[in-house]
Amino acid sequence: MSGAVLILGATTGIGRAVARELARTRRSLVVAGRDLEELQTLAADLRVRYGVGAVACRFDARASEGLGAFFRECVEAAGGRLEGVVLCFGYAGSQQRAESDWEETVAIIQTNFLSAVRLLNLAADHLKEAGAGFICGITSVAGDRGRQSNYIYGSAKAALGVYLQGLRDRLSGAGVTVTTIKPGFVDTPMTFGRPGLRGLASPQRVARVIRRAIERGRAVVYVPWFWRWIMLFLRLVPERIFRRLRL
Ligand SMILES: NC(=O)c1ccc[n+]([C@@H]2O[C@H](COP(=O)([O-])OP(=O)(O)OC[C@H]3O[C@@H](n4cnc5c(N)ncnc54)[C@H](OP(=O)(O)O)[C@@H]3O)[C@@H](O)[C@H]2O)c1
């Protein structure tokens with residue numbers, strides 16, 4: 001099991017697809033999330049289907065006090081050494097609710113930024129000491145430009161993007177690569193039932209792109225690729241015009 005990849009937020013959507021994609025390419029895994037029963041079922045399925053080592057660990061990104069102990073548990077479950085960490089968990093929340101409900105704002109920032117930073121700090125130290133490995137973090141195109149419909153989530157993702165950028169520089173030369181993934185709209189529980197979303201990518205497609213990006217040590221990858229150009233265009237639209245688009 002030594003050299004396993006830790007997947008943070010593996011129960012559903014992109015995280016679950018990444019777990020399958022990495023197992024398919026013969027990597028042992030520690031699958032982590034909130035629902036231990038679901039994770040144990042997933043780990044058992046990965047062991048049987050792909051013949052790889054897979055264990056489940058539980059954490060809750062809303063409970064920041066326990067994250068140090070949780071990370072140590074994951075390293076132990078991996079036999080003392082992780083090959084890499086893929087940070088998949090996230091919480092879109094409700095922008096509308098967050099505007100008047102501070103608890104919702106805290107939930108969005110705590111999950112998407114604070115706990116992500118706590119866990120990736122620990123991952124960075126672990127991998128740096130080993131002198132090899134990778135970190136891959138999922139941010140979002142929502143972090144590329146503040147929009148009135150989701151700027152609380154977007155700002156947390158933007159902050160995570162800047163964190164990953166700095167971490168990439170810090171770990172360059174230490175044998176550890178840091179990859180930022182920026183998905184557009186993906187067909188997962190996070191987008192289920194949200195009106196007006198077109199051209200959703202499948203989580204399997206996103207997972208394949210993530211695996212390739214990790215293997216190639218890429219810095220920043222938009223998925224699907226065309227979102228790089230959509231966001232470049234949107235970033236260039238002047239504020240006065242952008243406001244009228246009511247995005
Ligand atoms: N879907 C999109 O269109 C889209 C676009 C851009 C970026 N993203 C990002 O992609 C990543 C994966 O999202 P997804 O689309 O696959 O959505 P998803 O299916 O809703 O997955 C979100 C994952 O985060 C976990 N999570 C949420 N709150 C948590 C907490 N407090 N503690 C631990 N785990 C928690 C969920 O676990 P539970 O099952 O326990 O809730 C789930 O495993 C997220 O970072 C998301 O922000 C998604």
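Reply: Helices are DSSP runs of H or I with at least four residues, and strands are DSSP runs of E with at least two, both numbered from the N terminus. Residues are counted from 1 along each chain, in the order its sequence is written. The model is predicted, so local features need pLDDT of at least 70 and side-chain atom pairs count only at pLDDT 80 or more, while totals for chains, interfaces and linings use all residues.

Me: Thanks! In what order do the seven strands form the open sheet?

Reply: The general idea comes first. Strands of a sheet pair through backbone hydrogen bonds, either parallel or antiparallel. To call two strands paired, DSSP must find at least two bridges between them. Here, seven strands make an open sheet with parallel pairing, in the order 3-2-1-4-5-6-7. At its edges are strand 3 and strand 7 (220-223), each of which pairs on one side only. From one strand to the next, the twist averages 20 degrees. For angles, axes are lines fitted to C-alpha atoms (for helices, over the stretch in contact), and the angle between N-to-C directions runs from 0 to 180 degrees.

Me: How many bridges join strand 1 to strand 4, and how many join strand 1 to strand 2?

Reply: Strand 1 (residues 4-8) is joined to strand 4 (residues 82-87) by five bridges, and the two run parallel. One partnership to look for is Leu-8 with Leu-87 in strand 4. Strand 1 and strand 2 also run parallel, joined by four bridges. There, Leu-6 stands opposite Val-30 in strand 2.

Me: Which residues point one way from strand 2, and which the other way?

Reply: In a regular strand the side chains alternate between the two faces of the sheet. In strand 2, Leu-29, Val-31 and Gly-33 point one way, Val-30 and Ala-32 point the other way, and all are buried. A residue is buried if 20 or more other C-beta atoms lie within 10 Å of its own, exposed if 12 or fewer, and partly exposed in between, with C-beta atoms placed from the backbone. Because five of the five residues of strand 2 are buried, this strand is largely enclosed by the rest of the structure.

Me: Is Ala-54 in strand 3 buried or exposed, and what does Ala-54 touch?

Reply: Ala-54 counts as buried because it has 28 C-beta neighbours inside 10 Å. Two residues are in contact if their C-beta atoms, placed from the backbone, lie within 7 Å. Not counting residues up to four places away in sequence, Ala-54 touches several others, among them Ala-23, Leu-29 and Val-31. You can find Ala-54 in strand 3 (residues 54-58).

Me: Which strands do helix 3 and helix 5 lie across?

Reply: Helix 3 (residues 67-77) lies across strand 1, strand 2 (29-33), strand 3 and strand 4, and runs at about 170 degrees to strand 3. Helix 5 (residues 102-130) lies across strand 1, strand 4, strand 5 (133-138) and strand 6 (176-183), and its angle to strand 5 is about 165 degrees. Strand 5 holds Phe-134, which is buried, with 22 other C-beta atoms within 10 Å.

Me: How many residues surround the ligand?

Reply: A residue is near a molecule if its C-beta atom, placed from the backbone, lies within 6 Å of it. The ligand is surrounded by 27 residues, the closest being Gly-13, Ala-61, Gly-90, Thr-188 and Met-190. Helix 1 (residues 13-24) gives the most to this shell, with three residues.

Me: How far does helix 1 reach from its first C-alpha to its last?

Reply: The expected span of a helix is 1.5 Å times one less than its number of residues. With twelve residues, helix 1 reaches 17 Å, close to the 16 Å expected. Helix 1 is largely enclosed by the rest of the structure because ten of its twelve residues are buried.

Me: Where is Arg-26, and what is the phi of Arg-26 near?

Reply: Most residues other than glycine have a negative phi, and most peptide bonds are trans. Arg-26, in the loop between helix 1 and strand 2, has a positive phi near 70 degrees. Arg-26 counts as exposed because it has 9 C-beta neighbours inside 10 Å. Arg-246 also has a positive phi, near 50 degrees, and lies in the segment after helix 9 (239-245).

Me: Which peptide bond is cis, with omega near -10 degrees?

Reply: Look at the bond from Val-223 to Pro-224. Pro-224 is in the loop between strand 7 and helix 8 (227-236).
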